[in-house]
Amino acid sequence: MIPNYQECMLPFLKLLQTKGTASLSECTNILSEEFKLSPQERNELLPSKKQTIMKNRVGWAKFYLNKAGLVKVISRGIYSLTESGENLLKTNPHNLTTEDLMKFPAFKDFILNNQEAKMSLTSSTQNKDISSKTPEEAIDENYKYIINNLVDEILDIVLQKDSDFFEKLVMDLLVKMGYGDGKVTQRSHDGGIDGIIDEDKLGLDKIYIQAKRWQKGSNVGRSDIESFVGAIDRQRGNKGVFITTSDFTKEAYKHTSTHVNLVKINGTKLAELMIQYNIGVTIKNIYEIKKIDLDYFED
């Protein structure tokens with residue numbers, strides 16, 4: 001199991017005591033060995049996909065230890081113990097938490113003069129689950145929570161619209177994704193095809209679309225997929241996208257065709273793509289999280 005950032009703090013100090021100096025990446029690798037993490041755990045990423053969870057937690061352990069005056073930066077990305085850090089280890093502590101760090105004046109001043117940090121650590125002491133998360137993990141999880149709620153809202157409002165609106169929505173999305181110019185077919189003559197995307201200007205390569213605005217629980221079955229593939233065959237096509245607001249049965253997911261390349265998109269994936277490509281949504285706020293550019297400070 002990946003240790004939380006507080007569980008990394010004491011091992012981080014002991015590692016610096018042994019090695020003298022080390023980089024964050026080096027500390028992360030050594031502590032991953034010490035905690036016997038599997039390859040999957042070592043490579044597990046934050047939801048943002050920007051950094052591994054382990055490196056993020058070791059980084060925050062280092063940050064708090066630095067604020068307590070136990071660790072110092074001696075050169076570009078290289079850390080060592082301070083005299084206070086050495087003295088702390090001489091007491092042979094069994095563990096180390098942010099609550100323990102409050103005994104150090106530098107850390108206490110940092111918390112008292114930083115309202116966000118104070119709120120974060122107060123929540124940590126009240127909720128063991130929160131205490132295992134770094135600030136970036138908490139942001140990522142809250143972001144996922146907002147997105148999941150937005151997905152549900154999108155599907156609810158789409159289901160309130162009629163089929164014509166849904167077919168247009170699907171075409172708008174695929175065009176926005178860069179698949180070419182598209183058009184909705186006339187309902188009485190669609191032959192099982194709801195829309196067609198021309199991937200090239202001359203229309204030599206086409207993608208055929210099936211769009212089902214079905215309620216949750218009314219899943220697309222294998223026979224629906226087979227009918228759509230048959231409709232593509234009649235058009236002598238070889239590419240198709242089946243999109244539904246509900247989901248597909250196991251049999252429908254398993255269905256493959258030897259001559260038609262078919263992509264299946266369920267309601268959740270559809271809403272996520274709408275969010276990604278700003279179809280039916282608008283940007284409310286943008287938050288930028290920045291880090292030190294160490295290259296700038298190099299001689």
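This is a chat between a trainee and a mentor about reading one predicted model.

Trainee: Where do I start, and how are residues numbered?

Mentor: Residues are numbered from 1 along each chain as its sequence is written. The model is predicted, so local features need pLDDT of at least 70 and side-chain atom pairs count only at pLDDT 80 or more, while totals for chains, interfaces and linings use all residues; side-chain values use heavy atoms, with hydrogens and water left out.

Trainee: How many helices and strands does the chain have?

Mentor: Helices and strands are DSSP runs, numbered from the N terminus: H or I over at least four residues for a helix, E over at least two for a strand. Here the chain has 14 helices and eight strands.

Trainee: What share of the residues count as buried?

Mentor: Buried means under 20% relative accessible area, exposed means over 50%, and partly exposed is in between (1.4 Å probe, protein chains only). In this chain of 299 residues, 40% count as buried.

Trainee: And what about contacts between residues at least 6 apart in sequence?

Mentor: Contact means heavy atoms within 4.5 Å. Among contacts between residues at least 6 apart in sequence, 60% join residues at least 24 apart.

Trainee: Let's try helix packing. At what angle do α11 and α14 pack?

Mentor: Axes are lines fitted to C-alpha atoms, for helices over the stretch in contact, and angles run from 0 to 180 degrees between N-to-C directions. Helix α11 (residues 163-176) and helix α14 (residues 267-276) pack at about 55 degrees, with axes 11 Å apart.

Trainee: What word describes how α11 and α14 lie to each other?

Mentor: Under 35 degrees counts as roughly parallel, over 145 as roughly antiparallel, 65 to 115 as roughly perpendicular, and the rest as oblique. So α11 and α14 are oblique to each other.

Trainee: Which residues of α11 and α14 meet?

Mentor: On the α11 side they are F166, L169 and L173, and these meet L270, L273 and M274 in α14. Sorted by type, the residues of this contact are six nonpolar, no polar and no charged. For that sorting, Ala, Val, Leu, Ile, Met, Phe, Trp, Tyr, Cys and Pro are nonpolar, Asp, Glu, Lys and Arg are charged, and the others, Gly among them, are polar.

Trainee: How do α10 and α14 cross?

Mentor: The axes of helix α10 (residues 135-158) and α14 come within 9 Å and cross at roughly 105 degrees. That makes α10 and α14 roughly perpendicular to each other. From α10, the residues I147, L150, V151, I154 and L155 meet G267, T268, A271, E272, M274 and I275 in α14. This contact divides into eight nonpolar, two polar and one charged.

Trainee: Now cysteines. What does the disulfide count come to?

Mentor: A disulfide is a pair of cysteine sulfur atoms within 2.5 Å. By that rule the count comes to zero. As for individual cysteines, C8 is buried at a relative accessible area of 0%, and C27 is buried at 0% too.

Trainee: Can we look at single residues? Where does S80 lie, and what does S80 touch?

Mentor: S80 lies in strand β3 (residues 78-81), and S80 is buried, with 8% relative accessible area. Not counting residues up to four places away in sequence, S80 touches L16, G20, T21, L70, V71, K72 and I74.

Trainee: Is G221 buried or exposed?

Mentor: G221 counts as buried, at 14% relative accessibility. Its place is the loop between β6 (206-212) and α12 (222-234). Leaving aside neighbours within four places in sequence, G221 is in contact with T249 and A252. G221 and A252 are 31 residues apart along the chain, yet their C-alpha atoms are separated by 5.1 Å.

Trainee: And where is D194?

Mentor: D194 lies in the loop between β4 (181-184) and β5 (195-198), and D194 counts as buried at 7% relative accessibility.

Trainee: Last one: what should I know about the sign of phi?

Mentor: Most residues other than glycine have a negative phi. K36 is not a glycine, but has a positive phi of about 55 degrees. K36 sits in the loop between α2 (24-34) and α3 (39-43) and is exposed, with a relative accessible area of 70%. N278, also not a glycine, has a positive phi of about 55 degrees. N278 is found in the segment after α14 and is partly exposed, at 38%.
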